Every structure is written in C-alpha cells, then in structure tokens.
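Visitor: Please pick one part of this model and give me a close look at it. I'd like to hear how the charged side chains pair up there, and then how that spot fits into the rest of the chain.

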Amino acid sequence: MARRSAASPSPRLGIPELFAPGPYEQALILTFGADLEFYERVLRRHFGSFRNQIVLADGTQLDHHLSGLATAGALRHLNRSWVAGPIRLRHAAHAKAILLAGPEAGLLLVGSGNLSLQGYAGAGECFVPYRWTPDQPDDLDAFTAVRSLTDALVERALVDRVIADRVGVYWSAYDWWHAPPNPAGPVRHNLDVPIGTQFVEAIAGEPVEELTVVAPFHDERCSALERLVSELHPSRLRVLVQPGRCSVDPTQLRRVMDRRSGSVHSITAEGDHELTYLHAKIFLAKTATRSICLVGSANCSQVALWIDQPGANTEIASLLTGPPSAFDHLLAADVVTVSGPLDPGDLDLEIRDDTEDNSQEEGATPTVHNLIFDRDTLTWTMATPCVAAEDVVVEINGRSASVDLSVSPTGGDRWAFTARLFEEEDIAAINSVAVVTVRIGDGAPTHAVPYQVDRLREQDHRRVDTDRLRHAALLELDDPDLDRALAALEEILVGDNVARWGKDRRPSSDADQAEPIAWENIDWSAVKRHPRYQAYGGLAGFGIPGTALADYLAALSQLVRKLLDEEDAEVGDSDDREPTDADDEEGAHDVASGVEGADPDEEDDGDEDQVEVRRQSPAARNRRLVRNFVRRNLTVLEQPGFRDGAGPGIVVPNLIILNWVCWWIATKDEDHGPDLIEERLRLWELLWGHNEIDGYLDRLDDEHQALVVERFDAQQFEPVVAASITDVWTSIPTVTSPLYQRLRDVVRSAVCSPCWQMTAPHLESAAVLTNKRPSTIEPINAVEIGARLWEAACAPHFEIEARRAVAHATGCLAGDVAASNVEVIVDGRSDRRLVDQMEIQAPVLADGIDGAFVSWMGAVDLSFYRLKWPGGVAFYNALAESGWVVAHDENERTLESLEPAYPAWRLALDRLVDSVEVGTEAAA
C-alpha cells in the first residue's frame with residue numbers, strides 16, 4: 001500500500017504548533033487516559049471557539065480521573081460547552097487520535113499520545129499527521145477511517161446517548177467526508193479485523209529481512225510478539241526496550257528471542273536518557289523492496305494485536321509503506337540511542353502495574369451512564385441488581401445532596417434513576433460544572449459530570465456568531481444590515497462600553513451616551529472583572545481563544561491570508577490563562593446601541609435633512625456609519641485616561657481592527673474619492689507619534705513591545721499598514737498639503753519605532769493586497785510600494801526642510817534662513833545654471849559651512865548646493881563631489897567628498913527599499 005501524501009510518522013512532531021488557529025470549528029479526540037484539567041487549561045486556548053468539542057476516553061480511566069476531582073471544582077466547561085464521554089468496554093478503549101475539522105479543511109493526528117501534556121508535548125510519542133482540503137484530497141481515507149471507528153462505537157452502544165448525539169452532529173456537519181471507508185487506507189482500527197492481522201496482510205507474504213518492534217507494553221508471556229514472529233519469519237529480529245520503563249517479563253522475552261534467534265536492545269531518548277518515557281509503539285518490517293510500518297496506539301499484546309472483538313482493546317494505527325529506508329528516521333541516532341544486543345535480565349525489566357489493559361472484572365462497581373442535568377433534575381441509568389431509592393446517596397462535589405429520588409427498571413439489569421434537587425446551592429454547583437458521586441448501599445462510589453444538553457446544543461449555534469463576525473470583517477458597503485455587524489464589532493472593541501462596565505449600568509438614553517466620559521471616575525477594577533475585558537486576556541493579553549475578539553481577529557487574519565493566496569492562518573498566543581466562553585459572558589449577545597451616532601458637525605437638523613438621509617443609497621449610508629464608528633472608537637483610544645486604565649491588551653487589538661476597517665473601506669470603490677485619510681493619520685499618530693512626540697507603542701515596556709510585534713505579525717498588520725500608507729500617499733494631492741506633512745511625520749516616527757518590523761516580504765504582501773482592491777487601477781509591485789513609503793517620509797517640502805536643516809547646522813533660527821534660486825557657473829565654463837541657494841541672514845562661522853552642507857544634503861537630494869551669509873559664499877557640486885568656500889576673512893578653500901548626514905528614518909527606509917529591490921532582482 002503506497003502513501004500518496006508526504007505525511008510521515010514522527011516522534012518529534014510539534015503537536016502544540018499544529019494546534020495554531022486554522023480554518024477549523026470542531027475537535028474530536030480519542031484517548032485512553034484523559035487529563036481533563038489539561039484540556040481546559042491548555043487545549044481550550046486553541047479550541048475554545050470551536051462549536052463542537054468531543055473527547056472520547058476509556059471509561060475506567062475517565063472514572064478514575066473524575067474520582068480525583070470529586071471535591072476540587074477544577075473544571076468550568078466540561079459537559080457544558082465541551083464533552084468528555086466514556087467508552088465502556090471489557091478491555092481498554094485504547095485508540096488515540098486528534099481530528100480538527102472545518103467546512104474546507106481537516107487535520108488528523110493518529111499516534112501514541114494520551115490527552116495530557118506528556119502525551120501531546122512529550123518527546124517520547126509518535127504521531128502521523130494527515131490533512132485534507134479541496135485542493136489536497138489524497139488523505140481523505142484517513143478521515144473516513146476515524147468516522148468508521150466512531151460510528152461503530154455508537155452502533156454498538158459503547159458510548160452514552162448524549163455522546164452519540166454529539167458525534168452525530170460532528171460527522172453530519174460537512175459533505176466532504178461522506179465517502180465510504182476504505183479498508184486499505186492508511187489508517188486502520190481493529191473493530192472488524194485485528195491490527196496484527198492487517199499488518200501481516202500488508203506485507204503480503206514477502207520475505208521479511210528485518211523486523212523491529214518498539215513497544216512500552218508486552219503481554220505477560222510475550223505471546224503477541226511470538227505470534228508476530230511466527231507469522232512473518234523475519235531473517236533478523238530486533239526488540240527495543242527502554243530500561244526501567246518497558247513493561248515486559250525478561251524471562252519470557254529471552255525465551256522468545258532464543259527460539260526466534262532475535263536480539264534485545266536498549267533504547268533511550270537522545271539527550272535526556274532517563275527522563276523521557278518512550279511511549280511510542282512502532283512495528284517496522286523491511287523486505288528487499290520496501291518497508292511496512294505500523295505506528296499508533298497498539299502495544300505488543302494479545303488484546304492490542306490479535307484478539308477479535310469484543311475481547312480486545314480498541315486500537316487505531318497508521319499502516320504505511322515506502323522504500324526500504326522510508327521510516328529509518330524514527331530510530332535515527334539524533335532521535336534515540338539504541339544499544340546492544342543485551343541480555344533482557346540486565347535491563348531492569350518487569351511486568352509493571354501501570355499496564356494499559358483495563359479488563360473489567362466480574363462484580364466490578366456499576367457505573368453511571370448518560371447522566372443528564374436539566375433545570376433542577378438529574379437523570380441517569382446504571383446496570384445493577386434491584387435497588388431501593390433509600391439505598392442511593394447522591395453527592396455533589398463531595399457533599400451530600402438533598403434529593404427526591406425515584407428508581408425504575410428499563411429492562412434487563414439496567415435501572416433508570418431520577419433525582420430532583422432541592423438546594424439552590426446544589427443546582428448552582430452543577431450549573432457551574434460539578435462532579436456527581438453516586439453510592440448504592442455499601443458499594444463503592446461511581447463518579448460522573450452531568451451533561452448539560454441544552455448548553456451543548458447551544459454550541460451548535462456558535463457558528464452563526466463566527467460567521468457573523470467574518471461577515472463583519474468584510475464590511476460590505478451594500479449590506480443593508482451592516483449596522484448590525486458594526487454593533488457586534490462595537491462590543492468587541494470595548495471603547496466607551498467601559499463607562500457602563502465601570503458603573504455597572506447601561507446608558508439610559510442616547511443623551512447619556514453622548515456625554516463626555518470622565519475616565520478618572522471609571523472603576524477600573526470593576527471593568528477588569530467584566531467578561532468582555534477578560535476576553536482580551538488582561539493587561540498582558542491580546543485576545544483569548546474562544547472569545548468574540550479572537551474569532552474576529554482570526555477572521556481578519558484569514559481574510560488577509562486569503563487575499564494573499566495563503567492556505568493557513570496562524571494566529572494565537574502562548575497565553576496560558578483560561579479561555580472565556582460565550583456562555584460565561586453576561587449579555588454575550590447584546591448589541592451596543594447608537595451605532596449610527598452622528599458627529600456633531602453631521603447631526604441631522606430638521607425634516608429636510610431627515611428626508612435626505614432616507615434617500616441615501618445603502619453604500620452612502622454605510623460609509624457614514626463606518627466613518628462615525630471609526631471616529632467614535634478612535635476618540636476613545638486617544639484619551640490617555642482610557643489607554644492607561646485599559647492597558648495595551650485592549651488598546652493594541654482595537655488599533656489593529658480600526659486600521660483594517662479604515663483601509664478596507666477606503667479602498668472599496670474605484671469611483672469613490674479619498675476616504676478616511678484624517679482618521680488613518682490620527683490612528684497612526686496615536687501608534688507611532690509625530691512632531692517628536694512619542695507614540696503609544698514607544699511608551700510600552702520591552703515585554704509589551706515584543707507582544708505587539710508578535711500580534712502585528714500574526715495579524716499581517718505590516719502589509720495592511722503599508723498598503724494603507726500607499727493609498728493615503730496616493731490620495732494626497734501635493735507635498736505642500738498639511739495632510740502630507742502629517743503623513744511624513746508619522747512615517748518618520750514609525751520607521752524608528754521598535755514595533756516597526758517592515759521587511760521586503762511585507763512589501764510584497766502589501767502589493768498583493770493593493771492589487772486586489774477595487775480602487776487599484778494599475779497594478780503595483782513591491783518596489784513601487786517601497787518607493788511610495790520612501791517618498792511619504794523622504795520627499796521633502798524642499799524649502800522648509802532645507803531651511804530647517806541649514807539653520808540647525810549653523811545654530812541659527814529657521815526664520816534667519818531664506819531660500820532662493822540663483823544663476824551661477826557650476827563647472828568652470830561660461831554656462832550658467834539655476835541652482836538652489838540658502839541665504840543665512842545671521843552671522844555664522846565659515847568653519848560651520850561644511851556641516852551646513854552635510855545637513856542640507858541629508859534633508860534634500862540635489863545636484864548643486866549654494867550657501868551665502870554675511871561673511872562669504874560657498875558652493876558644493878554633489879555630482880562631482882567637490883566644492884569651495886570663500887569667506888571675507890580667509891582665503892578660498894576647497895571641499896571634497898562630503899557625506900550627507902541622513903537622519904535615522906531616512907537610513908531605515910533606504911535599507912528597506914534596497915532590500916526589496918535586491919529581492920526583486922534576485923527573483924527575476
């Protein structure tokens with residue numbers, strides 16, 4: 001069986017990096033052990049915004065884990081916005097896989113790691129990644145194999161009814177994976193045919209030259225290994241075991257090795273031999289022409305490899321083939337250290353208690369099935385002998401609960417339980433996620449977290465909210481409902497909503513909303529407790545996954561990457577705080593009023609104006625709405641009191657969003673004139689400063705500046721701002737315009753900021769963005785984008801720039817320097833040319849004339865420069881790099897090779913332009 005994709009098993013696969021935000025909205029995890037706190041604390045940073053999140057874990061392991069949480073109250077979202085359900089088998093539910101899915105993309109990881117930090121980030125695990133998109137459909141069979149496994153679990157009633165419903169919602173979401181399973185695909189499970197049998201069949205009778213087995217668990221008599229060897233008859237057999245960690249009987253292992261002429265070798269992780277637990281399971285057979293690799297969840301045991309269902313574990317694995325050396329990287333010297341051959345008795349080997357075979361013994365404690373909480377009532381079923389209601393004790397988070405309990409038979413040995421709660425404290429605890437413990441008589445307790453079905457079904461509607469935010473990112477001007485999108489965005493941006501959060505009330509009227517906000521009176525401690533504020537991650541955060549803010553930022557990032565023709569959007573933080581759920585936020589779906597609030601100079605005055613407004617086209621109306629929306633939020637951000645109280649975690653995402661909105665709207669229509677120029681200049685002045693006034697970013701500490709750079713990169717801020725500056729520069733008529741002077745000042749400040757990380761690739765992306773906007777008539781390339789940035793900062797207002805430069809160098813005032821044009825002989829011939837002259841009307845020393853030329857040349861690029869002052873005259877030919885000075889009190893002297901004193905912003909822009917030109921030439 002040949003693999004057509006480039007996917008390959010890897011024990012160094014960076015799973016956390018693969019979880020970076022992408023085009024996914026559902027998660028399905030299969031695992032043996034489940035660290036639920038790890039899921040809530042870590043994984044929900046990535047999956048919190050997903051509308052369907054399912055964890056299927058081994059029932060015994062899940063029960064054991066919940067027993068340790070019975071009084072901790074450590075979980076806030078389990079079975080409320082995501083589910084963890086047990087798979088109930090006689091043996092272990094041992095399959096391990098992670099599947100992320102969206103309408104047009106899927107990511108599947110099949111391997112050895114359990115749902116835990118060690119399992120997903122540890123160096124001793126091995127996973128195979130599979131990806132599906134409409135353009136790359138080759139891995140589809142891997143996804144349909146996982147569906148076949150979960151469908152079988154549902155059909156055989158091995159999961160709760162609620163879990164079956166959530167799994168059904170998961171697989172019914174998209175059409176792309178509805179193809180029938182392929183039994184010969186790269187991913188295999190053992191619900192129909194044992195995994196070991198499928199491995200042998202894939203080898204198809206070819207003579208096996210070498211068989212290598214790596215597994216952390218073997219059965220007590222090494223029967224699985226012995227059968228594998230007897231089926232394949234390898235010429236060479238190697239069994240790799242980790243000393244002190246591998247569970248295997250050394251005597252039985254030696255017996256098999258002696259009978260089969262095999263060798264046992266020690267395997268340890270390269271670099272930290274004793275620390276890394278090698279949990280990967282690898283079966284690698286080599287023939288003369290190919291390699292066949294089985295890698296996944298199955299250990300070298302009978303219940304994993306050879307026994308038919310229902311007497312086996314459930315397992316899942318990748319069965320891959322390739323050239324003879326295709327999988328050598330799994331055991332390469334830079335990954336593991338293999339020593340030997342060695343005697344098994346010398347390797348500290350034994351059958352260990354932590355075996356992964358969880359067989360259920362006769363008379364085991366009955367478990368709770370399908371525990372559901374609805375309003376004030378718990379319902380569940382248990383397989384137990386006849387039981388009386390008075391023998392049942394219900395505990396909530398370790399505390400006995402007052403309940404009205406009834407018990408009724410459902411057929412066979414299963415009984416249905418209904419417990420109505422009386423105490424508000426108990427109801428509130430379950431609403432907030434609680435572990436419910438059920439005891440029957442003197443029997444052992446069993447533990448479960450109730451499913452909150454209505455809340456889980458509400459998650460299915462979260463896609464609507466995400467789609468609405470993505471729609472808001474597009475800001476279609478002909479959309480008659482754009483005001484609703486802006487209202488949703490108004491809530492995300494925080495802005496003057498802080499006023500009502502700080503006072504814990506809503507504005508009672510439009511008049512209240514229009515009143516100036518006294519930021520010094522805001523209770524910032526109350527603001528920081530508000531869910532909307534917490535969604536930003538606090539002062540050090542830039543948006544927590546699972547919130548509307550994160551959804552909107554992700555929508556923006558994906559939209560930009562789509563324009564850039566990139567497939568994957570990488571947005572996210574490494575913040576480890578708890579994500580905020582939509583169901584945590586009071587008023588999560590509230591819409592801010594007053595989205596159409598007009599500026600004072602645009603308020604409708606009288607019936608005639610009202611009629612005119614009604615006659616406006618949807619596009620004109622929406623432009624006005626967007627302009628007022630930007631101005632209102634920008635005005636809030638310009639208030640130092642707001643910025644100081646809110647912190648960079650709110651200010652920076654708000655500025656990113658407003659910057660996007662301004663560029664997107666301003667470039668919507670080729671027939672519409674310059675738009676939002678004033679607003680963009682104000683925004684950039686706030687970010688970077690102007691006229692030697694520091695910008696907001698310059699005042700941040702190093703740590704926050706580093707976070708800003710990271711967020712800018714994640715949101716493709718640099719290409720968008722470069723495209724926007726280009727648009728503003730193109731829209732300003734002349735360099736004498738006050739708007740140009742403001743643009744020049746802000747660009748000069750920006751390029752000197754530590755948060756300005758513009759590079760040649762950013763300019764290339766900016767050119768792509770610019771060319772895809774309706775306002776662009778003639779295509780533009782990265783070199784031209786760089787040239788416009790350079791011109792925006794460096795093309796001077798000649799007279800003003802030159803006068804200031806000369807005045808600064810000679811120590812006089814700009815008013816003492818007059819600019820003019822004079823005709824002079826520049827090359828020793830009789831031809832006269834018109835050249836620029838600066839006449840200094842205050843006494844200066846002739847020794848300072850060199851510096852005046854250097855400063856003037858750094859400000860303005862000319863061919864000829866002439867200086868005149870009361871004590872003499874001087875001239876410099878920049879083309880010939882020579883000149884002279886004649887002063888009344890000294891003899892004439894010559895000038896040679898003066899170097900312009902370029903300011904820092906000019907040098908930075910020169911480097912940027914040079915880099916994009918070099919890159920373009922190299923590409924050509």
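Guide: Let's start wide. If you take the contacts in the protein between residues at least 6 apart in sequence, 75% of them join residues at least 24 apart. Keep in mind that this is a predicted model. The protein has 924 residues, and 56% of them count as buried. Its secondary structure comes to 32 helices and 30 strands.

The part I'd pick is strand S21, and the way in is a salt bridge. Arg439 pairs with Glu395, with 3.1 Å between the closest N and O atoms. Arg439 belongs to strand S21 (residues 436-440) and Glu395 to strand S17 (residues 392-396), so this salt bridge ties together parts that are 44 residues apart in sequence. How buried or exposed is each partner? Arg439 is partly exposed, at 31% relative accessibility. Glu395 sits at 14%, which counts as buried because the cut-off for that is under 20%.

The backbone links these strands too. S17 and S21 run antiparallel and are joined by five bridges. Now look straight across from Arg439: the residue standing opposite in this pairing is Val393. Glu395, in turn, is the residue whose side chain makes the salt bridge with Arg439. As for cover, four of the five residues of S21 are buried, leaving the strand mostly covered.

S21 has another neighbour as well. It pairs with strand S22 (residues 446-448), again in the antiparallel sense, over three bridges. In that pairing, Thr437 of S21 faces His447 of S22. The two strands form a hairpin with five residues between them, and there Gly441 takes a positive phi near 60 degrees.

For comparison, here are some other salt bridges. The total in the model comes to 27. Another one that reaches along the chain is formed by the side chains of Arg399 and Glu425, at 3.8 Å from N to O. Here the link runs from strand S18 (residues 399-400), which holds Arg399, to helix H11 (residues 424-431), which holds Glu425, with 26 residues separating the two. Arg399 is partly exposed, with 34% relative accessible area, while Glu425 counts as exposed at 55%. Sharing of partners also occurs: Glu226, Arg255 and Arg259 are joined into one network by their salt bridges.

A local example helps to round this out. Arg227 and Glu231 form a salt bridge with the closest N and O atoms 3.4 Å apart. Why can these two meet within a single helix? Both are in helix H8 (residues 223-232), four residues apart, which means about one helical turn separates them. Each partner is partly exposed: Arg227 has a relative accessible area of 34%, and Glu231 has 36%.

Charge turns up over aromatic rings too. The charged end of Arg773 sits over the ring of Trp664, 3.8 Å from its centre. That charged end also sits over the ring of Trp663, at 5.4 Å from the centre. Aromatic rings pair with one another as well, giving 25 pairs in the structure. Among the rings involved, Trp132, Phe143, Tyr170, Trp171, Tyr174, Trp176 and Trp177 are linked into a cluster.

Last, the nonpolar interior. The largest nonpolar core has 83 residues, and the ones with the most contacts inside it are Trp684, Trp688, Leu697 and Leu743. Helix H23 (residues 648-666) supplies the largest share of this core, 13 residues. Leaving aside residues up to four places away in sequence, Trp684 touches several others, including Asn659, Val721, Ile725 and Leu743. Apart from that core lies another one of 59 residues, among them Leu56, Leu108, Val295 and Leu320.

One more strand is worth setting beside S21. In strand S2 (residues 52-58), seven of the seven residues are buried, so the rest of the structure largely encloses it. S2 pairs with strand S1 (residues 26-31) in the parallel sense over six bridges, and Ile29 has Val55 of S2 as its bridge partner. Back in S21, by comparison, the buried count is four of five, and the pairings with S17 and S22 are antiparallel.

Notes. Residues numbered from 1 in each chain as written. Predicted model: local features only at pLDDT ≥ 70, side-chain atom pairs only at ≥ 80, totals over all residues. Heavy atoms only, no water. Salt bridge = Lys/Arg side-chain N within 4 Å of Asp/Glu carboxyl O. Buried < 20%, exposed > 50% of the residue type's maximum accessible area, 1.4 Å probe, protein only. Pairing = 2+ DSSP bridges. Phe/Tyr/Trp six-rings, centres within 6.5 Å; stacked < 30°, edge-to-face > 60°. Lys NZ or Arg CZ within 6 Å of the ring centre and 35° of its normal. Core = buried A, V, L, I, M, F, W, Y, C linked by side-chain atoms within 4.5 Å. Contact = heavy atoms within 4.5 Å.
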